[in-house]
Amino acid sequence: MKLKIASLLLATLGALCVARADDADPLAPWRSGVQIHPVTPHQDRHVIHAYFNTCPESPDGKYVLYYTSSTPEGESGDLRILERSTGQETILVSGIDTEDAHRAACQQWSNGGKTVVYHDGHDGKWRVMAVDIDTRKLRVLAVDHQVGFGSATGVWAPTYGCHWNPGEYRNLDLVNVVTGEVRTPVKVEDVVKEYGEWIQKKFGTTNMSVFFPVMSADEKRVFFKLNVPSGGHDFRSMSSSARDGKAVYDLEQGRFLRLIEKWGHPSWSADGKYIFEHGLYTTDVVTGQIKDFSKTCISDHPSLAPDGRLYVTDSEVTKRYWRNPGDWAIAVGSTAKDDWEVLTIFDNS
């Protein structure tokens with residue numbers, strides 16, 4: 001069987017295209033002259049970005065962070081950074097075991113790019129880890145936990161007990177990647193108190209845990225998935241846990257904002273006021289007001305640009321463009337009107 005290699009791609013703009021950008025057409029730089037190329041030259045291994053909720057580039061743009069694996073299923077590998085100006089690659093951590101290749105090691109920038117946070121279950125014991133970029137020193141942030149996605153410029157890593165068997169770790173715990181301080185802003189009993197009727201109706205039980213928290217860029221808000229664990233040990237099984245819905249919590253004010261009954265593929269706006277969702281619409285987390293951006297663009301895993309003028313998204317496009325099974329597209333679009341451009345289509349089988 002031929003091994004399919006996943007590659008992390010980077011899109012860059014030519015200087016002339018950047019010069020044409022203006023307020024009237026924020027998509028102008030993306031309409032022509034876009035160059036798509038692999039971040040690394042590896043042909044013998046998977047090179048995987050963590051997920052659409054986080055950016056693989058460091059906050060200063062100096063490095064790109066990624067997970068690599070030479071195994072077919074991509075479930076064991078290492079973390080690397082590549083210095084963009086020189087192309088020099090550095091292995092940060094080796095011997096990592098992931099839950100799967102979908103989110104890899106949930107590797108992410110933290111502490112303004114001084115720290116990389118990830119999780120690892122290489123010896124059957126799950127740990128949330130931090131590695132210092134300058135010293136390469138490793139620190140354990142939490143044991144029997146996994147990590148969601150925090151802010152690249154902040155210092156708090158959102159952690160939770162393993163979704164298939166969390167044991168006593170059913171709450172949302174925030175760990176300071178600099179000091180090691182642990183806070184528990186959301187306890188599972190408070191989630192049940194707030195949304196117990198919906199949880200019981202959805203899952204047939206309120207014996208739940210917090211799963212996959214994602215913090216806003218300013219670290220003031222977080223949303224997370226509601227999860228009912230199976231209690232087993234096969235974390236790669238489809239029946240390892242039942243998960244759906246997203247609870248939105250204001251960390252600064254210490255209160256729940258709302259429950260959205262479908263999980264979808266959510267990400268934050270840069271100001272933390274909106275959740276951007278599969279289908280290309282935002283939900284105001286305070287008022288619940290919904291705003292649509294496009295009815296025609298492809299959409300699966302969408303993210304908003306920091307200034308909110310553009311979004312990037314992706315989708316399987318076999319039927320839409322009469323492509324081969326497994327073909328996938330990436331598009332960038334405007335939030336001002338239903339206007340977008342497909343950047344690339346590639347084999348994602």
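1. Let's start with W263. This tryptophan is buried, with a relative accessible area of 7%. Keep in mind that we're looking at a predicted model here. W263 pairs with F212 in an edge-to-face arrangement, with 5.9 Å from centre to centre and 65° between the ring planes. F212 is in strand β15, while W263 sits in the loop between β18 (255-260) and β19 (267-268), so this contact ties together parts that are 51 residues apart in sequence. F212 counts as buried too, at 3% relative accessibility.

2. That pair belongs to a wider group of rings. Y51, F52, F149, Y160, F211, F212, F223, W263 and W268 are linked by ring pairs into a cluster. F212 has a charged partner as well: the charged end of R103 sits over its ring, 4.8 Å from the centre.

3. What is the total number of aromatic pairs in the structure? The count is 16. One of them joins W198 and F203, again edge-to-face, with the centres 6.1 Å apart and the planes at 90°. W198 and F203 are both buried.

4. The second largest pocket is worth opening up in your viewer. It holds about 370 Å³ of space. The lining is made of 19 residues, and D100, H102, R103, F211 and R243 are the closest to the pocket centre. You have already met two of those names: R103 has its charged end over the F212 ring, and F211 is in the aromatic cluster.

5. What is the chemistry of that lining? Six of the residues are nonpolar, seven are polar and six are charged. As for where they come from, strands β15 and β17 (241-250) each supply at least two lining residues. β15 is also the strand that carries F212.

6. Two backbone spots deserve a look. A104 has a positive phi of about 50°, although it is not a glycine. A104 lies in the loop between β6 (89-97) and β7 (108-110), and at 2% relative accessibility it counts as buried. The other spot is E219, also a non-glycine residue with a positive phi, here near 65°. E219 is found in the loop between β15 (209-215) and β16 (221-229).

7. How many disulfides are there? The count comes to zero. Take C106: the closest cysteine sulfur belongs to C162 and is 12 Å away, which is too far for a bond, given that a disulfide needs the two sulfurs within 2.5 Å. C297 is in no disulfide either, as its nearest cysteine sulfur, that of C55, is 19 Å off. Both cysteines are tucked away from solvent by the accessibility values: C106 counts as buried at 1%, and C297 counts as buried at 8%.

8. Last, a look at helix α2. V191 lies in this helix, which spans residues 188-203. Is V191 buried or exposed? At 0% relative accessibility, V191 counts as buried. V191 and L226 are 35 residues apart along the chain, and their C-alpha atoms are separated by 8.9 Å.

Conventions: Residues are numbered from 1 along each chain as its sequence is written. This is a predicted model: local features need pLDDT of at least 70, side-chain atom pairs count only at pLDDT 80 or more; totals for chains, interfaces and linings use all residues. Side-chain values use heavy atoms; hydrogens and water are left out. Helices (H or I, at least four residues) and strands (E, at least two) are DSSP runs, numbered from the N terminus. Buried means under 20% relative accessible area, exposed over 50%, partly exposed in between (1.4 Å probe, protein chains only). On a 1 Å grid over the protein atoms alone, a cavity is a set of points where a 1.4 Å probe fits but cannot get out, and a pocket is an open set with protein on both sides within 12 Å along at least five of seven lines; lining residues have an atom within 4 Å of a point. Grid points are joined across faces, edges and corners, and a volume is the space filled by probe spheres set on the points. Ala, Val, Leu, Ile, Met, Phe, Trp, Tyr, Cys and Pro count as nonpolar, Asp, Glu, Lys and Arg as charged, and the others, Gly among them, as polar. Rings of Phe, Tyr and Trp (its six-membered ring) pair if their centres lie within 6.5 Å; planes under 30 degrees apart count as stacked, over 60 as edge-to-face and the rest as tilted. A charge sits over a ring if NZ of Lys or CZ of Arg is within 6 Å of the ring centre and within 35 degrees of the ring normal.
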